[in-house]
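Hi everyone, thanks for making time. I'd like to walk you through a structure that may be new to you, so let's put it up on the screen.

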Amino acid sequence: MKKLSIMAALAIAAGTMISCNGGTPTASLKSDVDTVSYAIGMAQTQGLKSYLAMQMGVDTTYMADFIKGLNEGANAGDNKKQAAYFAGIQIGQQISNQMVKGINYQLFGEDSTQTISLKNFLAGFITATTGQKGLMTIDEANETAERLMKQIKAREMEKEYGPNKLAGEKFMAENAKKDGVKTLPSGVQYKVIKEGTGKIPADTSMVTMHYEGRLINDSVFDSSYKRNQPYSVRCNQNIKGFTEALTHMPAGSTWEIYIPQELAYGERQAGQMVKPFSALIFKVELLDVK
């Protein structure tokens with residue numbers, strides 16, 4: 001009996017060392033259940049390292065620390081206090097490694113020198129999570145976040161791509177003075193190359209056309225002519241300036257259309273060539289209206 005007690009004490013001590021040091025428990029495959037437990041444990045690790053690195057931001061240099069945390073979490077069982085603590089750590093790391101980085105990218109793009117305030121983020125997050133009275137309601141927080149994110153992003157985009165905006169404004173102002181160029185109430189300009197006599201589309205009409213899209217430096221960014229395939233689309237499924245021009249254009253016409261950036265893609269980038277705040281030029285041959 002005394003020998004058994006000593007052996008039991010040694011086993012308990014070894015288990016304690018494993019838990020504290022974050023080491024690997026020693027497997028003992030004495031039964032089918034023991035063996036299947038070990039086999040399942042191994043099988044569940046496929047792709048784990050890459051998941052830890054890519055999805056959770058874990059530096060695999062510190063795998064010993066990961067194993068220590070793994071042991072503590074697994075051995076916590078249904079201890080609700082420890083479970084809450086571990087959940088807090090997991091969500092906190094998601095905030096740091098995913099949420100904040102994602103928000104920063106939305107607001108500031110590639111500028112890694114700028115970041116939202118983690119302190120204020122956590123103040124709002126914890127206040128709402130614990131049901132405390134905050135500086136605003138949840139509805140107000142949603143509205144404020146959406147509104148200010150748009151404003152901040154617009155400021156950052158204009159800071160980076162402001163020259164595009166200025167160049168486009170200058171181009172549109174000078175172009176409006178050229179012979180044959182007409183201006184619609186919205187600011188869209190057009191020049192008739194060929195006047196058609198067919199039906200004028202409504203904004204819900206299906207139209208078939210050939211077109212070529214250019215930047216104000218005459219770089220072609222898209223062309224149905226190059227694809228040798230006319231383009232069919234509902235009129236109002238285009239950018240606003242394009243739709244407006246089409247709804248003044250008789251079928252059979254060929255126009256050159258000049259669209260200010262706010263009626264094109266605005267602060268958005270379209271493909272590789274159309275940068276934010278770009279004014280656009282389209283040659284459009286309206287073939288059919290339905």
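Let's start at Glu 156. Leaving out residues up to four places away in sequence, Glu 156 touches Leu 107, Phe 108 and Gln 114. With Gln 114 there's a polar contact between the side chains, at 3.0 Å. Glu 156 sits in helix α7, which covers residues 138–175. Is Glu 156 buried or exposed? Its relative accessibility is 15%, so Glu 156 counts as buried.

Before going on, a word about confidence. What you're looking at is a predicted model. The mean pLDDT of the chain is 88, and 92% of the residues reach 70 or more. The stretch to watch is residues 1–21, where pLDDT stays under 50. For that stretch the model has seven contacts beyond four places in sequence. Where pLDDT is low, the predicted coordinates shouldn't be read in detail.

Okay, back to helix α7, and some salt bridges. Arg 147 pairs with Glu 143, and their closest N and O atoms are 3.0 Å apart. Both of them lie in α7, four residues apart, which is about one turn of the helix. Arg 147 is partly exposed at 36% relative accessible area, and Glu 143 is partly exposed too, at 42%.

Glu 146 and Lys 150 make another salt bridge, at 3.7 Å from N to O. Again we're in α7, with four residues, or about one turn, between the partners. Lys 150 has 53% relative accessibility, so this one counts as exposed.

Then there's Lys 165 with Glu 158, where the closest N and O atoms are 3.2 Å apart. Glu 158 is partly exposed, at 36%. Further along the chain, Glu 212, Arg 214, Asp 218 and Glu 256 are linked in a network of salt bridges. The full count is eight salt bridges.

Now for something nonpolar. Which residues make the nonpolar surface patch of about 460 Å²? They are Ile 91, Met 99, Leu 118, Leu 122, Phe 125 and Ile 126. Helices α5 (80–108) and α6 (118–129) each supply at least two of them, and α6 has the largest share, with four residues. Leu 122, for instance, is in α6 and is partly exposed, with a relative accessible area of 31%.

Last stop: Thr 26, in the loop between α1 and α2. Thr 26 is exposed, at 74% relative accessible area. From Thr 26 to Lys 119 is 93 residues in sequence and 43 Å in space, C-alpha to C-alpha.

That's my tour. Thanks for listening!

Notes
Residues are numbered from 1 along each chain as its sequence is written. This is a predicted model: local features need pLDDT of at least 70, side-chain atom pairs count only at pLDDT 80 or more; totals for chains, interfaces and linings use all residues. Side-chain values use heavy atoms; hydrogens and water are left out. pLDDT is the predictor's confidence in each residue, from 0 to 100. Contact means heavy atoms within 4.5 Å. Patches are made of residues with over 30% relative accessible area and no salt bridge: like charges are joined within 9 Å, nonpolar side chains (Val, Leu, Ile, Met, Phe, Trp, Tyr) within 5 Å. Accessible areas come from the Shrake-Rupley method with a 1.4 Å probe; for residues, only the protein chains shown count as cover. A salt bridge is a side-chain nitrogen of Lys or Arg within 4 Å of a carboxyl oxygen of Asp or Glu. Helices (H or I, at least four residues) and strands (E, at least two) are DSSP runs, numbered from the N terminus. Buried means under 20% relative accessible area, exposed over 50%, partly exposed in between (1.4 Å probe, protein chains only). A polar contact is a pair of N or O atoms within 3.5 Å; within protein, one must be able to donate a hydrogen and the other to accept it, and residues adjacent in sequence count only if both atoms are side-chain atoms.
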